[in-house]
Amino acid sequence: MTKNTSSPGFATQCLHAGTPPEAQTGARQTPIFQTTSYVFKNQEHAAKLFGLKELGFIYSRLTNPTISALEERLAALEGGAGATATASGHAAQLMVFSALLQPDCEIIAAKRLYGGTINQLSTTFPRCYGWRTIFVDDRDPANIAAAITDKTRAIFIESIANPGGGVTDIAAIAAIAKKAGVPLIVDNTMATPYLCRPIEFGADIVIHSTTKFISGNGTSTGGVVIDSGKFDWAGEGDRYPALAKPDAGYHGLEFHQTFGEMAMTFHGHAVGLRDLGVNQQPFNAFLTLLGLETLGLRMDRHVQNAQAVAEHLAKHPAVRAVDYAGLPTAPDHDLAKKYTPKGPGAVFTFRLKGGYDAGVSFVDRVQLLSHVANIGDSRSLVIHPASTTHSQLAPEDREASGAGAEVVRLSVGLEDIADIIADIDQALT
């Protein structure tokens, strides 16, 4: 990028960050480096790469030029020090927690989370890795402070909760995490860095399912871990040995001492991707880079449409309540103005007076809206969480996560607003 006296704007970074013209050919669009491996200059060059003494490309499970371009762009957009792209959002969560936790350690997590994440944290992690998760009502940050113990290694929240659309008080929870000496991890999938940049409010690590709004076109699964570079891994005693103690796999190299603010990013590539094998694919990274080019434009339209749909539903006789922070009556409306001043995203829920059966009936009757298990597409999407994404949870846990029996989740797309509302009305009639 051409050097400037001021930082590039968001739209400029969406188009240029991490993607200068390709050096050899001058190609303006980032090429798809669809290769498994790379030829070394000589044995000494190979040894330096494998020993982390020189930067370069070894094998596409670890690094790939197309994926590296995506990582640089996402780190720039979130204001982070570095990023590691993964195969999915769940892969990003697995990778970051594997760097922070050992058996018998704990995660404190918000109850308001995506159902698949709740299942990963509550079922798979303790069974496979011995990591326990304490779920708390994050609407009162004091609940998080009260749950911290000497086994706590991370606090995990969503900036905008999925499915309910509630906005989280990031700064208040970040202050609690800092006092406790543990990192705050924020899933920013629902907001994207266009609507909210959690690092600016004290988050240490940001993750995304790039499958959603980042890509925006419903074509490519992916995830990313973005490190702020601000957490002192070595300053917390023996809590984070993977980052602060000698690594036997690299002849005693200490990631924090060697790489400083890039410790988590280097560890993600050199250990996380190497050992877990959760790397993103070059073609998916290419499609995600294309989606990022219009992120700001898309999110403006998403929010505009979502606000109109929420206001319409709030007046509909078949609707009991609308959980959208953009409405002045929403309990977290003030938080939305603080953390998402451009609008609190395009995913929210509404509650039908007819209960569970009404929710199931609604998703069966829509015609324009697509009934799929995804959010963040350019098309409007709908699902009934209690019978699908959150069906594995107990009824009380579904309610706590914002996925009660009568709840329908909308991901409002980019269609003409009159057509979206017309389809919703015919399905409710």
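Where is proline 163 found? Here are some notes on that and a few other spots; please keep in mind that this is a predicted model.

1. **The loop with proline 163.** To take the opening question straight away, proline 163 is found in the loop between β4 (152–158) and α7 (170–180). The peptide bond that joins it to asparagine 162 is cis, with an omega of about 20°. If you are scrolling through the backbone, this is a good place to pause.

2. **Another backbone spot.** Aspartate 104 is not a glycine, yet its phi is positive, at about 75°. You will find aspartate 104 in the loop between α4 and β2 (106–110).

3. **The overall build.** Stepping back, the protein has 17 helices and 12 strands. Its radius of gyration is 22 Å, close to the 22 Å that the globule rule gives for 429 residues, so the protein is as compact as a globular protein of that length. Along the principal axes, the C-alpha atoms fill a box of roughly 70 × 55 × 40 Å.

4. **How α4 meets α11.** Two packed helices are described by the angle between their axes and the distance between the axes. For helix α4 (residues 89–100) and helix α11 (residues 263–276), the angle is about 110° and the axes are 10 Å apart. Angles of 65 to 115 degrees count as roughly perpendicular, and that makes α4 roughly perpendicular to α11.

5. **Who touches whom in that pair.** On the α4 side, the contact is made by Leu94, Met95, Val96, Ser98, Ala99 and Leu100. They meet Met264, His267, Gly268, Gly272, Leu273 and Leu276 in α11. By class, this contact has 8 nonpolar and 4 polar residues, and no charged ones.

6. **The enclosed space.** How many cavities of 30 Å³ or more does a search of the whole structure find? The search finds 1. About 50 Å³ of space lies in the largest cavity, and 13 residues line it, with Leu62, Thr63, Ile67, Glu71 and Leu273 the closest to its centre. Both α3 (65–78) and α11 supply at least two residues of this lining, and the largest share, 3 residues, comes from α3. The cavity lining divides into 4 nonpolar, 7 polar and 2 charged residues. Leu273 also appears among the α11 residues that meet α4.

7. **The largest pocket.** This pocket holds about 990 Å³ of space. Its lining has 40 residues, and Gly56, Phe57, Thr63, Ser68 and Glu71 lie nearest its centre. The elements giving two or more residues to the lining are α2 (43–50), α3, β1 (82–86) and α11. Of these, α3 gives the most, with 6 residues. Sorted by class, the lining has 24 nonpolar, 10 polar and 6 charged residues. Thr63 and Glu71 are worth a second look, as they are listed nearest the centre of this pocket and closest to the centre of the largest cavity.

8. **The second largest pocket.** Here the volume is about 440 Å³. There are 24 lining residues, and those nearest the centre are Arg112, Arg139, Gly166, Asp323 and Pro331. Both β8 (319–323) and α16 (395–400) supply at least two residues of the lining. The lining divides into 9 nonpolar, 7 polar and 8 charged residues.

Technical notes: Residues numbered from 1 in each chain as written. Predicted model: local features only at pLDDT ≥ 70, side-chain atom pairs only at ≥ 80, totals over all residues. Heavy atoms only, no water. Axes fitted to C-alpha atoms, helices over the stretch in contact; angles between N-to-C directions. Helix = DSSP H or I, 4+ residues; strand = E, 2+ residues; numbered from the N terminus. Parallel < 35°, antiparallel > 145°, perpendicular 65-115°, else oblique. Contact = heavy atoms within 4.5 Å. Nonpolar A, V, L, I, M, F, W, Y, C, P; charged D, E, K, R; others polar. 1 Å grid on protein atoms, 1.4 Å probe; cavity = no way out; pocket = protein on both sides within 12 Å on 5 of 7 lines; lining within 4 Å. Points joined across faces, edges and corners; volume = space filled by probe spheres on them. Rg over C-alpha atoms; globule rule 2.2 N^0.38 Å.
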